[in-house]
Each structure stands twice: as C-alpha cells, then as structure tokens.
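The following exercises concern helices and strands in a single model. Please examine the sequence and the structure, attempt each task, and then consult the worked solution.

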Amino acid sequence: VLDVGCGSGHAVAALQRSGLDAHGVEPDEGAVDVARRSGLETVHHGTLDTFPLEPGAWDLVRFWHTLEHTPSPSDALRRAHEALRPG
C-alpha cells in the first residue's frame with residue numbers, strides 16, 4: 001500500500017500493524033521526521049511527482065484528504081493508476 005500525503009504516518013503504522021507492507025510519501029519534511037522518529041522507515045519525503053513509482057508495483061494507492069491539494073488531480077490519478085498492479 002502506498003499512502004500519498006501520509007502526514008506523520010498514522011495510517012501507514014495502522015496498515016503495517018494489520019500485516020500489510022505499507023509505505024507513505026509526504027511533502028512536509030517535519031511530518032516525515034515525526035514518522036521516522038516513531039520508527040516508520042517506509043515514510044518518504046516528497047510528492048507523487050518526485051517519488052519513484054514503478055509501473056505495476058502497488059496493490060493499492062491511497063489518497064486521504066490529499067488529492068484535492070495536488071496541482072493536477074487528474075495527473076496524480078493517472079500516475080497512481082499506472083503504478084497499480086494489474087487486477
């Protein structure tokens with residue numbers, strides 16, 4: 001699972017506790033620092049535009065109160081769709 005705009009990683013942590021391989025990308029460096037200090041090494045600093053997305057690499061790309069803050073929501077959805085594993 002990739003959580004776009006994950007903040008300080010609360011959802012990433014919850015997803016990991018439930019047994020999922022969860023990662024996050026967050027543009028706010030302070031929030032990333034908070035996530036990393038809490039042990040979340042899979043939270044990365046950046047945006048969907050700067051995070052290296054491999055085609056077909058993710059089962060789920062999650063936007064929670066994030067998509068409306070992107071410069072181009074349609075581009076963000078296209079990039080997320082391309083990053084999804086078939087099926």
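**Exercise 1.** Which residue in β3 does Glu-26 stand opposite?

*Solution.* Glu-26 stands opposite His-45 in β3. The model is a predicted one, in which local features need pLDDT of at least 70, side-chain atom pairs count only at pLDDT 80 or more, and totals for chains, interfaces and linings use all residues. Residues are numbered from 1 along each chain as its sequence is written, and side-chain values use heavy atoms, with hydrogens and water left out.

**Exercise 2.** Determine the strand order of the sheet.

*Solution.* Step 1: strands are DSSP runs (E, at least two residues) and helices are DSSP runs (H or I, at least four), numbered from the N terminus. Two strands pair if DSSP finds at least two bridges between them.

Step 2: β2 and β3 run parallel and are joined by 3 bridges.

Step 3: the sheet is open, has 4 strands in the order β3-β2-β1-β4, and shows parallel pairing. β3 and β4 are its edge strands, each pairing on one side only. On average, neighbouring strands are turned by 25 degrees against each other, direction ignored.

**Exercise 3.** Describe how α2 is placed and bounded.

*Solution.* Step 1: α2 covers residues 29-37, and Ala-31, Val-32 and Ala-35 are buried in this helix (buried means under 20% relative accessible area, exposed over 50%, partly exposed in between, with a 1.4 Å probe and protein chains only). These residues cover an arc of only 100 degrees around the axis, which puts them on the same side of α2; the arc is that of the directions from the helix axis to the C-beta atoms.

Step 2: Glu-29 and Arg-37 are exposed on the other side of α2.

Step 3: the buried residues of α2 pack against β2 (23-26) and β3 (43-45), where contact means heavy atoms within 4.5 Å.

Step 4: at the start of α2, a side-chain oxygen of Asp-28 comes to within 2.8 Å of the backbone nitrogen of Gly-30. After α2 follows Gly-39, with a positive phi near 100 degrees.

**Exercise 4.** Which residues of α3 are buried, and which exposed residues lie on the face turned away from them?

*Solution.* Step 1: in α3 (residues 73-83), the buried residues are Ala-76, Arg-79, Ala-80 and Ala-83. They line one face of the helix, because they fall within an arc of 100 degrees when seen down the axis of α3.

Step 2: the face turned away from this buried side carries the exposed residues Ser-74 and His-81.

Step 3: the cover over the buried residues of α3 includes β4 (61-63).

Conventions. Polar contact = N/O pair within 3.5 Å; in protein donor to acceptor, adjacent residues only side chain to side chain. Axes fitted to C-alpha atoms, helices over the stretch in contact; angles between N-to-C directions.
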